[in-house]
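Let's take a relaxed walk through a protein chain together. Keep the structure open beside you and look things up as you read.

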Amino acid sequence: MVFLTMPAISTAVQVVVAFGGAYLVALWFSMIVWTYYDIRARSQDIYVHIFATALVLIFNVFGLLLYFILRPRETLAEAYERSLEEESLLQELEERPHCPSCRQRVSPDYMVCPSCHVILKNLCITPSCGRLVHPRWELCPFCGTLQVGETEGHGEPPTHGSNVPIVPISVFGPDPQGAGTPGPG
Ligand SMILES: [Zn+2]
Ligand SMILES: [Zn+2]
């Protein structure tokens, strides 16, 4: 029995060592492949690819540690996304309204340019509307009232345009009695 167990133990040890060795080799190989794909996502330089992969190939786990310290912080996709974001932010800044006269930046709800005092918007001539209307618009887009040359007025406030149907907004005015809607049934 003793003669049979001794070779059995040594075989078991050999198997464990072989498995461990294969595992370590697989781990090393995986680290090299991972590094190669990771550096390709972060740099387009072929020499950087070779350097990073060789670092892990030669120094193994310590090479991977060095690679983590040295690798570019952003991937190429992240850098591209960031540049797109910056570009859209810049475009947004440029698209903000400017005064047509002095090119100063103005807010969309300004009536007058604070720098050169040019009229940017007029108030709608309907007092109950009171929205801001561009001087070039003939109609108020909010209430449909024709805006008759307010800036060139002759003192008399212009009446509503004859062709434009004015629909009163609040048909059901403030009813003091409250529940005054007789419903059928
Ligand atoms: Zn201006
Ligand atoms: Zn209006």
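What follows covers confidence, then the core, then two residues with an unusual backbone angle.

**How far to trust it**

This is a predicted model, so start with the confidence score, pLDDT. The chain averages a pLDDT of 81, and 78% of its residues reach 70 or more. One stretch is another story: over residues 150-185 the pLDDT is below 50. In the model this stretch still has 18 contacts beyond near neighbours in sequence. Don't get too attached to such details, though: where pLDDT is low, the predicted coordinates should not be read in detail. As for the elements of the chain, α2 has the highest mean pLDDT, 94, while β1 has the lowest, 89.

**The nonpolar core**

Which residues make up the largest nonpolar core? There are five of them: Ile39, Ala52, Leu55, Val56 and Tyr67. Helix α2, which covers residues 46-70, is the top contributor to this core, giving four residues.

Tyr67 is a good one to click on, and it sits in helix α2. Is Tyr67 buried or exposed? Tyr67 counts as buried because it has 20 C-beta neighbours inside 10 Å, and the cut-off for buried is 20 or more. Leaving out residues up to four places away in sequence, Tyr67 touches Thr35, Ala52, Leu55 and Val56. Take the pair Tyr67 and Leu55: they are 12 residues apart along the chain, and their C-alpha atoms are separated by 7.3 Å.

Now hop over to Val56. With residues up to four places away in sequence again left out, its contacts are Met31, Ile32, Thr35, Gly63, Leu64 and Tyr67.

**Two residues with positive phi**

Here's a backbone curiosity. Most residues other than glycine have a negative phi. Arg103 goes the other way, with a positive phi of about 65 degrees, and His117 also has a positive phi, near 65 degrees. Where do you find them? Arg103 is in the loop between α3 (76-94) and β1 (122-123), and His117 is in the loop between α3 and β1 as well.

Are these two buried or exposed? The table shows the counts.

| Residue | C-beta atoms of other residues within 10 Å | Status |
|---|---|---|
| Arg103 | 11 C-beta atoms | exposed |
| His117 | 10 C-beta atoms | exposed |

Both count as exposed because the cut-off for that label is 12 or fewer.

Definitions and conventions. Residues numbered from 1 in each chain as written. Chains lettered and ligands numbered in written order. Predicted model: local features only at pLDDT ≥ 70, side-chain atom pairs only at ≥ 80, totals over all residues. Core = buried A, V, L, I, M, F, W, Y, C linked by C-beta atoms within 7 Å. Helix = DSSP H or I, 4+ residues; strand = E, 2+ residues; numbered from the N terminus. Contact = placed C-beta atoms within 7 Å. pLDDT = per-residue confidence, 0-100.
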